[in-house]
Amino acid sequence: MGGYAFGDSAPAARRLGLLADVFEPPSRAFLAHLARVAGDPPDLAVDLGCGPGRSTQLVASVVGARRTLGLDQSASFVALATAGAPPGVSFAVHDVTVAPFPCPPAGLVYGRFLLSHLLDPAAALAAWATQLAPGGLLLVDEVDRIHTTQPALRGYLGTAAALLASRGHRLEIGGRLHRLPDPPGVVRRSDRVARLAPPAARAAELFAQNLAVWRDNAVDAGIATEADLDRLAADLAVVAIGSAAGTITWELRQLAFQRA
């Protein structure tokens, strides 16, 4: 089946803004570490599946490339990103599963929470690797595992995973990426797991926004009824205001490949 389950509406853009806030610390640390390893800033950095542009601006601020380009298949997201673009950052509409990209070979290519939405992650990695300049880095940030003791958060994650699976996708894809052979023409320079444990209330706020975006898709796919999702939304609202105990921890698989 395929297709991006979370859409590109205005609410989808807002949820991506919250996601960017929650996951900035581990992504920033990952980018900073590899930027130090690489040495001189690249001429061009490319952010794949850039959405409204927050991840692209993060790449630009940390990596310090002369030019940073965000790519997304959504024209509405690219328009939003372009409106707030700082100097040296630009955006283009492009399906990131298709090579070549509309730019020269890049010194750094970054993709966050993207492979979990693609039907063939190995083919995508192989295509992305061909877009690197000599010595260039391909960086991938994906979910490995999510652990939670909170029933509402666990309920949300089960429903979201089922929705993705109905489209041939996988939420916790990090282990699969760890086991894949390296794409042709590149070698694995780093393969690590970073951990993030935000407050349960913050996670519930993010999950509630996600649910509002994709709930119709879940109903249409027969994964849950409207009544099921109403109960889940109410449970998440209780957690979001801090009225329910619990913890949640993301384990994030962070991979770096380098072109010879």
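**Note on the sheet and on Arg 253**

1. In this predicted model, an open sheet is built from 7 strands, which follow one another in the order 3-2-1-4-5-7-6 with mixed pairing. Strand 3 (89-93) and strand 6 (186-196) stand at the edges, and because each has a single partner strand, one side of each is left without a neighbour in the sheet. On average, and with direction ignored, neighbouring strands of this sheet are turned by 20 degrees against each other.

2. At the edge formed by strand 6, the pairing with strand 7 (residues 248-259) is antiparallel and runs over 10 bridges. One residue pair to look at here is Val 186, whose bridge partner in strand 7 is Arg 259.

3. Helix 4 (residues 121-129) packs on the sheet, where it touches strand 1 (44-48), strand 5 (132-148), strand 6 and strand 7. The direction of helix 4 makes about 150 degrees with that of strand 5.

4. Arg 253, a residue of strand 7, deserves a separate look: is this arginine buried or exposed? With a relative accessible area of 11%, Arg 253 counts as buried, because the cut-off for that term is under 20%.

5. As for the surroundings of Arg 253, its side chain makes a polar contact with the side chain of Asp 191, at 2.8 Å. When neighbours within four places in sequence are left aside, the residues in contact with Arg 253 are Val 140, Asp 141, Glu 142, Asp 144, Gly 174, His 178, Asp 191, Arg 192 and Val 193.

How values were computed:
Residues numbered from 1 in each chain as written. Predicted model: local features only at pLDDT ≥ 70, side-chain atom pairs only at ≥ 80, totals over all residues. Heavy atoms only, no water. Pairing = 2+ DSSP bridges. Helix = DSSP H or I, 4+ residues; strand = E, 2+ residues; numbered from the N terminus. Axes fitted to C-alpha atoms, helices over the stretch in contact; angles between N-to-C directions. Contact = heavy atoms within 4.5 Å. Buried < 20%, exposed > 50% of the residue type's maximum accessible area, 1.4 Å probe, protein only. Polar contact = N/O pair within 3.5 Å; in protein donor to acceptor, adjacent residues only side chain to side chain.
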